[in-house]
Amino acid sequence: MSGGHSTYTPKSGIGRWIDARMPLPRLVHDSFVSYPVPRNLNYAYTFGGILSIMLVAQILTGVVLAMHYAADTGLAFESVEKIMRDVNSGWLLRYLHSNGASMFFIAVYIHIMRGLYYGSYKAPRELLWILGCIIYLLMMATGFMGYVLPWGQMSFWGATVITGFFTAIPLVGTWIQELLLGGFAVDNPTLNRFFALHYLLPFMIAGVVVLHVWALHVVGQTNPTGIEVKSKTDTVPFTPYATIKDAFGMIVFLAVFAYFVFYIPNYLGHPDNYIVADSLKTPAHIVPEWYYLPFYAILRAITFNIGPIDSKLGGVLAMFGAIAVLFFVPWLDTSKVRSAVYRPWYKLFFWLFVANAIFLGWLGSRPAEGVYVALAQISTFYYFAFFLIIMPVLGIIETPRRLPNSITEAVLEKNKSGGAGHPAGATASPETRG
Amino acid sequence: MKKILTGLTVFGLVTAGALGAALAQEEHSAAEPTHFPIHKPTQESWSFSGPFGTYDKAQLQRGLKVYKEVCSACHSMDLVAFRTLEDLGYTEAQVKALAAEYEVEDGPNADGEMFTRKATPNDHFPAPFPNHAAAAAANNGAAPPDFSLIAKARSAERGFPTFVFDIFTQYAEGGPDYIHALLTGYDEEPPAGMEIAEGTHYNPYFIAGKSLAMAKPLSDDQVTYDDGSPQTVDQYSRDVSAFLMWAAEPHMEARKQTGFRVMAFLLLFGALIYLTKRRVWSNVAH
């Protein structure tokens, strides 16, 4: 889509001078002003923009917090409390940062679900999807290490449990764990390296985001119909159309973010993390941050040995497999049709998958005992079956609905049939339609 | 396709059945419960709850009095500085006088000696025990927890679906509710057949077991109130819970007030952006 030649014309002498030497303004213009986007994008497509402002917000608040934070087991907890009590607006910075992490994950989950629903990963967008998966992995690492920094009870015990996973790997497991910890148990070297990496990884995320956006601008955005852009009438320029729509999505999202920060800032955290880390006192239930809970449930669902693989290694493999499988989605889905809009059965299984993932999250917060284990096993089975069985098989046996010939046709068809109940559709009243 | 549908139905029924079994399993025997607290704390009404909540300064002052005269014998409050007590409505001079009631260790002086002096507003509440081991030794092996953050570090589990509603009701008072319930929960008798370990005290509101090392700390008329508030265990508990919430979250009022401005701005700005968006898109069917 961005294959078309640039429409940027510098207006001033300085503009021409810069353009001849280092055409950054041209790049920005071509990427965020004249860049054509499908005209039928809905609000699910605003989460890319939302995620980029969340990344910037996290980096900005994080850099300032780092100025007041002390990465030392004897000082860390108190330094965070000093930020909360004595640093000017420190409570705001810290709540923005801790809740911002949660909001970042809410946004990324919606973004990923959007991709799965509209088949955004299909050719030619496989690399775009994989780069997204890499960003998600980096986010998980960053979030995990960030949670350790306040040095509360859940920080310490979460770190102990999660680094303990690596010991399940045969031969090199213990070596990897000790490398991560900088010793034999979670201690000062662990805190120091986690702080260093927690500061580094967001910039690596930013780097991969650049690649992600680059790849996006080469292949262009998908859209709810899943039909590629065919003519100029299918698209509108990024500015003002996508800019203003993204801006509205961002403000609604920021309102939710602000609601958490100002009214229930500790809702998404765990009370135990307000107790300073104590290596001699294990909390009753060690639970990770909410955004890892589905994977935690999968980890604990494997309570049986599979041949030579014992249950511990099996759990770790299942957990990492649950993320790894995302990388193969472009090739697991065999359907010729991209969007779930035209795939009634896929749509059903997709929503089941979403409900199942939320259910897994809830199970992850429960103790791994009794019936919860059996439920987690059923849910884990569906999680993998969705990718490994349903996606490949359904693509072959499902009869999709009739596809429109183009985005424009789909849009006009929708507006003809009323588009009732869709606030955006209502705006295109006949009098003002160009 | 019909088979798939049948399969799904079966899956759904199995899940529902299993869930029912899970919930049934949670019903524990009265004599030997396995989940704590045995009773959930009641939801009290607090002046600081909700989007416009503020601390009741008179209540915080009473709570401070209870802390000073009762709790502080065993519980430290390391993170709270005297200077911050001005939030409770005290003047600078009053805070100075209040701090001066305490002795703190300082030094070394020019001769290399440690010495004690009267505390100043910049000092923090001195701890009742010199270190963790001493605190544990004096208290039957269980060191009394520090109180600086206790109101945020304790909260009974809310359970499904309450935790979903909590988002909309802005419930963030799990800490004070818990503290109040614990302090007023000592008078209940343990059910017949329950064994209470030697040296511990039954309290069905305790978060980590059926009994705890701390004996009932408050009794009626133990602390004298100057403002005519009832001198009951319930009132003491309520006041000290509020005080501890303030100690854990001293900037809560500023947070909620800033929040109102931020939300109002976002609402207004969002409305304007939405109108602009409609205008921009009005000539394009989408």
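How much space lies in the largest cavity? In this predicted model, the answer is about 60 Å³. Rolling a probe the size of a water molecule over the atoms shows where empty space is left, and here the structure holds 5 cavities of 30 Å³ or more.

The largest cavity is lined by Ala297(A), Arg300(A), Ala301(A), Leu363(A), Arg366(A), Pro367(A), Ala368(A), Tyr372(A), Val373(A) and Ala376(A). Two elements of chain A, helix 11 (293-301) and helix 15 (371-397), give two or more residues each to this lining. By class, the lining of the largest cavity has 8 nonpolar and 2 charged residues, with no polar ones. One of the lining residues, Arg366(A), will return below in the description of the chain interface.

The second largest cavity has a volume of about 50 Å³. Its walls are formed by Phe144(A), Tyr147(A), Gly158(A), Ala159(A), Ile162(A), Pro288(A), Glu289(A) and Tyr292(A). Helix 6 (126-148) and helix 7 (153-165) of chain A each supply at least two of these residues, and helix 7 of chain A provides the largest share, with 3 residues. The lining of the second largest cavity comprises 6 nonpolar residues, 1 polar and 1 charged. Where does this second largest cavity lie with respect to the domains of chain A? Domain 1 (36-224 + 234-280) and domain 2 (287-399) both give residues to its lining, so the cavity lies between them.

That position leads naturally to the domain interface itself. The centres of domain 1 and domain 2 of chain A, taken over C-alpha atoms, are 22 Å apart. Contact between the two involves 40 residues from domain 1 of chain A and 35 residues from domain 2 of chain A. The size of an interface is often given as the accessible area lost when the parts come together. For these two domains of chain A, the buried area is about 3300 Å², with 72% of it on carbon and sulfur atoms. Of the area that domain 1 of chain A buries against domain 2 of chain A, 21% is supplied by Tyr117(A), Lys122(A) and Phe165(A), more than any other three residues. Lys122(A) also meets Asp333(A) in a salt bridge between their side chains, at 3.2 Å from N to O. The count of salt bridges across this domain interface is 1.

Turning to the two chains, 61 residues of chain B are in contact with 63 residues of chain A. About 5500 Å² is buried between chain B and chain A, and carbon and sulfur atoms give 70% of that area. The two chains are linked by 2 salt bridges. A salt bridge joins the side chains of Glu157(B) and Arg366(A), with an N to O distance of 2.2 Å. Arg366(A) thus appears twice in this account, since this residue also helps to line the largest cavity.

A few points of backbone geometry complete the picture. Most residues other than glycine have a negative phi, and most peptide bonds are trans. In chain A, a cis peptide bond joins Thr239(A) and Pro240(A), with omega of about 10°; Pro240(A) lies in helix 10 (residues 238-263). In chain B, Phe160(B) and Pro161(B) are joined by a cis peptide bond with omega of about 0°, and Pro161(B) sits in the loop between helix 5 (150-153) and helix 6 (162-169) of that chain. Trp151(A), which is not a glycine, has a positive phi of about 60°. This tryptophan, Trp151(A), is found in the loop between helix 6 and helix 7 of chain A.

Terms used:
Residues numbered from 1 in each chain as written. Chains lettered and ligands numbered in written order. Predicted model: local features only at pLDDT ≥ 70, side-chain atom pairs only at ≥ 80, totals over all residues. Heavy atoms only, no water. 1 Å grid on protein atoms, 1.4 Å probe; cavity = no way out; pocket = protein on both sides within 12 Å on 5 of 7 lines; lining within 4 Å. Points joined across faces, edges and corners; volume = space filled by probe spheres on them. Helix = DSSP H or I, 4+ residues; strand = E, 2+ residues; numbered from the N terminus. Nonpolar A, V, L, I, M, F, W, Y, C, P; charged D, E, K, R; others polar. Domains from an automatic or database assignment. Contact = heavy atoms within 4.5 Å. Buried area = accessible area lost by both parts, 1.4 Å probe. Salt bridge = Lys/Arg side-chain N within 4 Å of Asp/Glu carboxyl O.
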